[in-house]
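Trainee: Could you take me through this model one question at a time?
Mentor: Yes; have the sequence and the structure open.

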Amino acid sequence: MEVCILTAIPYLAGASALLGLALAWHFFRYVRSTDPGNERMRALMDDIAEGARTFLRREYLWVGGFVVIMIVLLVSILDWGGFGAISYVLGAALSATAGWIGMKVATMANARTAQAARAGAGRALPLAFRGGAVMGFSVAGLSLLGLSFCYLLFAVWLKRLDAFDVITAYGLGASTIALFSRVGGGIYTKAADVGADLVGKVEAGIPEDDPRNPATIADNVGDNVGDVAGMGADLFESYSGAIIAPVAYAWFASGASSIAEAEGGDLAGFLLFPFLVALVGMVASVIGALMLRKEGSESSEHLSASLHRGTNSAMALTVGGVFAVGQWVFNDGTAWRMPLAVVFGIVAGYALGKIAEVWTSDGYRPVRKIAEQTETGPATTILKGISAGMTSVAASVLVIAAAVGLSYQVGAGAAGGGFNLGIYAVAVAAIGMLATTGVVVAVDAYGPIADNAGGIAEMADLPPEVRKSTDALDSLGNTTAAVAKGFAVGSAAVTALALFAAFRQAVGAEGATLSLNIGEVDVFIGLFLGVMLPFLFAALTIDAVGRAANKMISEVRRQFREIVGLREGVEGVRPDSARCVDISTRASLREMLVPGGLAVAAPLVIGFIDIDTLGGFLAGALVSGFALAIFMANSGGAWDNAKKYIEAGKHGGKGSEAHKAAVVGDTVGDPFKDTAGPSMNILIKVMTIVSLIFASAFV
């Protein structure tokens, strides 16, 4: 292909990113134009929004200190650290911006969704989805726009030999924000949630989101800072990493000595194909997002079909599109082999999502069996949830193994590049999993909006049928969130593998050889250290939730005990919600530092001691981190929906002994699915990309 045509690809990718951002703006204006409800609903919406803004401002201020430390490390250790610092800051800034936008529209959409639910769940669904779509297309649009700009600036305009080292720093910036947003936001939301549930529903016997509960506002704030802003930063990092991994691997593995050499050979096609896949996925996601219409049916099956229509359509369009662009970029058999690898990734992502749905939706056996176990108490409820999550790991691992194996085989038969195209094909499979990030995040972020809408409906004393409609949307949202987590962690495993391969090539480029022979003691030690770290990281985050929740529980109990008439619901008596918001904010910001710092410090310390130990460490962390992430996400989602299944009237309904057991199970599952579990996929990529960036310093 002509060089001038290839160099147009980053410009086209940037244009598709602007298209996604334009759709986000369109949906933002739509949400803003709808009715936010009565004065009480607007006041609650404003309280939640103010709490979320306060937390994010303080969180970004704290993370800013860590960003400064990373800039110093980049500049002082690496020859290209000055330009790397620019790329790093851009990735971090755009990730934080995407999280802020998502929080802004989610806190705007909650009361509006509750108001729309007066006309039924089918009327509220498109509004909540479009609120989530603002987050989705902000994430995908800003990520792709930033990456396209970095490629153009460093590789096309400046033609720097270290351009692709510099671009990897963009991914590290995104990972930094994602790690702290997921950990900090997850600790915040689950501390509030656990405190509200255990004291409110179990001890006081009052409904979820009851206005008498002091932790209710903090719980709703947490949905926005953890499940929206945190999740958005998570997917921003995943999407960026999925594009960077094959580009970095192709560059380091090719051994090219100049940008001109890359532009003049077939390497250019391999460097730019990931941008084309992202372009096709962006356009397909825009079309898919526009397919969700106002629906009249209230059944959960119909709501689910409506919500998944856009995702399935986007994936189908992406499949056709990647084969078209493959013919444009590659010659001979490679023209269909690389697109086929992308399709394997899309299918694997869908399969992981389906596995998550089967194990977390009350329409399937696992959740219903957990609900049955609640009749014999909390212990059996927890045991069944743990076994369900572990079983889902087996199915998920088989899917990942099949996707990696098939992608490698189809890529190994391709021609060109002068490097292992099997590994490259595995890397582009990860892009397939996240090509439709815009609509996948939209479906995920819709869930917290629906959850907040239910809280506002309860606190504003709206008619019971409104809460029934929002509960239907919320239950579906738990499943769609688990599906999105499946996409994220699946892509994390495959992307980390590609980044690890790029790390190995980068070490080789420095004249060293990375051994992965587990018969060597240093590799074997590294393998065990790597397996250990995700468990330690999970323990730190779960303990952090427990400590923060303990303070929240004590505060809620104190207010019920000391504020006369609060528990009885005396007219005019209100809880001190601001105190609970402050407890969650302070605890989460303090508790996020140790696990977040550990993820960056561990590979740096090990790498400077022994590079072979680091290789084993990364391999062990990748495998155990993936398994833990799937286990915790699906166990937590299953416990949550088992509780909602009972609250819908099964096994005695609300207030029964079965319901109390289900609440305990859900409480255990909260930090699993919303704090420790989602942090795993960021953890394994952060450690790998840190190792890649500092490879030359280690050698």
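The questions below go from the whole chain to single residues, salt bridges and a surface patch.

Mentor: This is a predicted model, in which local features need pLDDT of at least 70 and side-chain atom pairs count only at pLDDT 80 or more, while totals for chains, interfaces and linings use all residues. Residues are numbered from 1 along each chain as its sequence is written, and side-chain values use heavy atoms, with hydrogens and water left out.

Trainee: How many helices and how many strands are there in the protein chain?
Mentor: Helices (H or I, at least four residues) and strands (E, at least two) are DSSP runs, numbered from the N terminus. On that basis the protein chain has 22 helices and 0 strands.

Trainee: What is the radius of gyration of the protein chain?
Mentor: The globule rule (2.2 Å times the number of residues to the power 0.38, with the radius taken over C-alpha atoms) gives 27 Å for 699 residues. The C-alpha atoms fill a box of roughly 75 × 50 × 45 Å along the principal axes. The chain's own value is close to the rule, so the chain is as compact as a globular protein of that length; the radius of gyration is 24 Å.

Trainee: What share of the residues of the protein chain count as buried?
Mentor: Buried means under 20% relative accessible area, exposed over 50%, and partly exposed in between (1.4 Å probe, protein chains only). Of the 699 residues, the buried share is 65%.

Trainee: What percentage of the contacts with a separation of 6 or more is accounted for by residues 24 or more positions apart?
Mentor: A contact means heavy atoms within 4.5 Å. Among contacts in the protein chain with a separation of 6 or more, pairs 24 or more positions apart make up 84%.

Trainee: Is Thr 113 buried or exposed?
Mentor: Thr 113 sits in helix 4 (residues 81–116). Leaving aside neighbours within four places in sequence, Thr 113 is in contact with Ala 124, Leu 127, Ala 128, Ile 449, Ala 453 and Leu 473. Its relative accessibility is 0%, so Thr 113 counts as buried.

Trainee: Which residues is Ala 403 in contact with, leaving aside neighbours within four places in sequence?
Mentor: Ala 403 belongs to helix 13 (residues 378–412). Ala 403 is buried because its relative accessibility is 8%. Its contacts beyond those neighbours are Phe 344 and Ala 348.

Trainee: How far apart in space are Gln 505 and Ser 387, C-alpha to C-alpha?
Mentor: Gln 505 is in helix 16 (residues 464–509) and is partly exposed, with a relative accessible area of 29%. Not counting residues up to four places away in sequence, Gln 505 touches Tyr 249, Phe 252 and Ala 253. Ser 387 is 118 residues from Gln 505 in sequence, and the C-alpha separation is 40 Å.

Trainee: Why are Glu 50 and Arg 53 separated by about one helical turn?
Mentor: Their side chains meet in a salt bridge (2.8 Å, N to O), a term for a side-chain nitrogen of Lys or Arg within 4 Å of a carboxyl oxygen of Asp or Glu. Glu 50 is partly exposed at 36%, and Arg 53 is partly exposed at 25%. The separation is about one helical turn because the two are 3 residues apart in helix 3 (residues 39–77).

Trainee: Which residue forms a salt bridge with Lys 644?
Mentor: The closest N and O atoms of this pair are 3.5 Å apart. The pair links distant parts of the chain, 170 residues apart, with Lys 644 in helix 20 (residues 611–647) and its partner in helix 16. Lys 644 is buried at 12%, and its partner is also buried, at 6%. That partner is Asp 474.

Trainee: Which residues do salt bridges that share partners join into one network?
Mentor: The structure holds 30 salt bridges. Those that share partners join Lys 190, Asp 193, Asp 474, Asp 640, Lys 643, Lys 644, Asp 666, Asp 670, Lys 673 and Asp 674.

Trainee: What accessible area do Val 521, Ile 525, Leu 529, Met 532 and Leu 536 have together?
Mentor: Patches are made of residues with over 30% relative accessible area and no salt bridge, like charges being joined within 9 Å and nonpolar side chains (Val, Leu, Ile, Met, Phe, Trp, Tyr) within 5 Å. Val 521 is in helix 17 (residues 521–562) and is exposed, with a relative accessible area of 60%. Areas come from the Shrake-Rupley method with a 1.4 Å probe, and for residues only the protein chains shown count as cover. The five form a nonpolar surface patch of about 410 Å².
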